[in-house]
Amino acid sequence: QVQLRESGGGLVQPGGSLRLSCAASGTISSINAMGWYRQAPGKQRELVASITSGGMTNYADSVKARFTISRDNAKNTVHLRMNSLKPEDTAVYYCNAKLLILYKPGSESWGQGTQVTVSS
């Protein structure tokens, strides 16, 4: 089993930056990829960025030039550096881990979420 805990959310002005962190615990060896999702009020949850165990990254088009996802394998932590934040980035951000379990595809774990508010 894998448990995830997010931190780093808060209130920031447009154009500012925040760094989100997600610490994983449990059966770390089962994690194949990790990512960040977000959900704004009245909107569907969407993928923001992901990173595989091999270090390959993917980003939503809306954040590709502004956000950076990274991993610290020694600390079992994934980070999301968010620069040039816009009001439309306001959402609850959730950490996600895709688990590689033989004969059990689709296994995943979610954090509780951290609020990011971009406002002047």
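The following exchange examines a predicted model, taking up a disulfide, a nonpolar core, a sheet and one serine.

Student: Which two cysteines form a disulfide?

Tutor: A disulfide is a covalent bond between the sulfur atoms of two cysteines. The cut-off for the sulfur atoms is 2.5 Å, and by this rule the count comes to one disulfide. The sulfur atoms that meet it lie 2.1 Å apart and belong to Cys22 and Cys95.

Student: How many residues apart are the two members of this pair, and which strands hold them?

Tutor: The pair links distant parts of the chain, 73 residues apart. Both Cys22 and Cys95 are buried. Cys22 lies in strand E3 and Cys95 in strand E9.

Student: Is the link of Cys22 and Cys95 left-handed or right-handed?

Tutor: The handedness is given with the angle about the S-S bond, which is -85° for Cys22 and Cys95. The link is therefore, with a disulfide being a pair of sulfur atoms within 2.5 Å, described by that angle as left-handed.

Student: Which element gives the largest share of the largest nonpolar core?

Tutor: The largest nonpolar core has 29 residues, and Met34, Trp36, Leu80, Met82 and Tyr93 touch the most other members. Elements that give two or more residues to this core include E1, E3, E4 and E5. The largest share is five residues, and these come from E9.

Student: Which residues of E8 does Tyr93 contact, among its partners Leu80 and Met82 and others?

Tutor: Leaving aside neighbours within four places in sequence, Tyr93 is in contact with residues including Glu6, Leu20, Trp36, Val48 and Phe67. Strand E8 covers residues 77-82. The contacts of Tyr93 in that range are Leu80 and Met82.

Student: Which strands stand at the edges of the open sheet?

Tutor: Four strands form this sheet in the order E1-E3-E8-E7, with antiparallel pairing. Two of them each have a single partner strand, so one side of each is left without a neighbour in the sheet. These edge strands are E1 and E7.

Student: Which residue in E8 stands opposite Thr68?

Tutor: Strands E7 and E8 run antiparallel and are joined by six bridges. Strand E7 spans residues 67-72, a range that includes Thr68. Opposite Thr68 in E8 stands Arg81.

Student: Is Ser50 buried or exposed?

Tutor: Ser50 has its place in strand E5, residues 46-52. Beyond four places in sequence, Ser50 touches Met34, Gly35, Met56, Thr57, Asn58 and Ile69. The relative accessible area of Ser50 is 17%, and the cut-off is under 20%, so Ser50 is buried.

Note on methods. Residues are numbered from 1 along each chain as its sequence is written. This is a predicted model: local features need pLDDT of at least 70, side-chain atom pairs count only at pLDDT 80 or more; totals for chains, interfaces and linings use all residues. Side-chain values use heavy atoms; hydrogens and water are left out. Buried means under 20% relative accessible area, exposed over 50%, partly exposed in between (1.4 Å probe, protein chains only). Contact means heavy atoms within 4.5 Å. A nonpolar core is a set of buried Ala, Val, Leu, Ile, Met, Phe, Trp, Tyr and Cys residues joined through side-chain atoms within 4.5 Å. Two strands pair if DSSP finds at least two bridges between them.
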